[in-house]
Amino acid sequence: MSIFPSDWRDLPSLIHPITDALQVIEIERLFPDPQPLEIELGCGDGSFLARYADANRDRNFIGVERLKGRLKKLDRAGRKSALANLSLLKIEAAYLLRYLLPTESFAVVHVYFPDPWPKAKHAKHRLISPGFPELAQRVLLPSGQVYLRTDDADYFAQMEEVFGGSPLFERVDTPTELKEITTDFEREFNAQGIETNHSAWRLKA
């Protein structure tokens, strides 16, 4: 007789509540098995992370999103696929990086199609801004990597400037197998002739 629930709805939610906004999260409590850690900041509809976590069950993944509806969609997808290696957090990404994640704990940080805040007066709200490399360094393991994607040319130029001007990181290639796992949104605008801009950076030794 199977010990697993017969219906995915009986599985516990993958969304873990943050009950103390000042206490560092005990990452080991989020997963049944200790494995290399990766995190996606702003996981959106989850179409990338659900596929990527399913294809890499020997790694643990955290998806971060502020919008509850988007997290609930990814939660359903993760439970349907029995992704024990996936956990979800509802919180603002920069605050999480700065205060709530343990230092030197992640192998990879993914940031795909963050809000471009296209108006000049709103550009200060962009996640990938001059202070971001230091936040990423704080949570990355030695030689940890940051993978970026956007369809916004202006924001991509800012990403390149921010990381290219940082003494903490060096440019690397985005792995082909990673590029091949796309979001639903990405496939839609690629079909319209709008290209994806990729950028990858490794923490210097």
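This is a short tour of the structure, one selection at a time.

Before you click anything: the model is predicted, so local features need pLDDT of at least 70 and side-chain atom pairs count only at pLDDT 80 or more, while totals for chains, interfaces and linings use all residues. Residues are numbered from 1 along each chain as its sequence is written, and side-chain values use heavy atoms, with hydrogens and water left out.

**Stop 1: strand β2**

Select residues 60–65, which make up β2. Helices (H or I, at least four residues) and strands (E, at least two) are DSSP runs, numbered from the N terminus. Of the 6 residues in β2, 6 are buried, so the strand is largely enclosed by the rest of the structure. Buried here means under 20% relative accessible area, exposed over 50%, and partly exposed in between (1.4 Å probe, protein chains only). Both faces are covered: one side carries N60, I62 and V64, the other F61, G63 and E65.

Now add β1, residues 37–41. β1 and β2 pair in the parallel sense over 5 bridges; strands pair if DSSP finds at least two bridges between them. Look for I39, which stands opposite I62 in β2.

**Stop 2: N60**

Zoom in on N60, in strand β2. What does its side chain hold on to? A polar atom of the N60 side chain lies 2.8 Å from the backbone oxygen of D33, and the side chain also makes a polar contact with the side chain of Q35 at 2.9 Å. (A polar contact is a pair of N or O atoms within 3.5 Å; within protein, one must be able to donate a hydrogen and the other to accept it, and residues adjacent in sequence count only if both atoms are side-chain atoms.) N60 counts as buried, at 3% relative accessibility. Leaving out residues up to four places away in sequence, N60 touches F31, D33, P34, Q35, P36, L37, E38 and N85, where contact means heavy atoms within 4.5 Å.

**Stop 3: helix α3**

Next, select residues 93–100, helix α3, and colour A93, L96, L97 and L100, which are buried. Looking down the axis of α3, you'll find its buried residues within an arc of 125°, so they line one face of the helix. That arc is taken from the directions from the helix axis to the C-beta atoms. The cover over them includes β1, β2, β3 (86–90) and α4 (132–139).

At the N-terminal end, E92 acts as the cap, with a side-chain oxygen 3.3 Å from the backbone nitrogen of A94. From E92, draw a C-alpha distance to K80, 12 residues away along the chain: 26 Å. K80 is in helix α2 (residues 68–80) and is exposed, with a relative accessible area of 55%.

**Stop 4: the rings**

Turn on the aromatics: the whole structure has 10 aromatic pairs. F48 and Y52 are a stacked one, 5.0 Å centre to centre with 25° between the planes. (Rings of Phe, Tyr and Trp, its six-membered ring, pair if their centres lie within 6.5 Å; planes under 30 degrees apart count as stacked, over 60 as edge-to-face and the rest as tilted.) F48 and Y52 are 4 residues apart in helix α1 (residues 47–55), so about one helical turn separates them. Together with F61 and Y112, they form one aromatic cluster.

Finish with Y112 itself: R149 lies over its face, 4.3 Å from the ring centre.

Conventions
A charge sits over a ring if NZ of Lys or CZ of Arg is within 6 Å of the ring centre and within 35 degrees of the ring normal.
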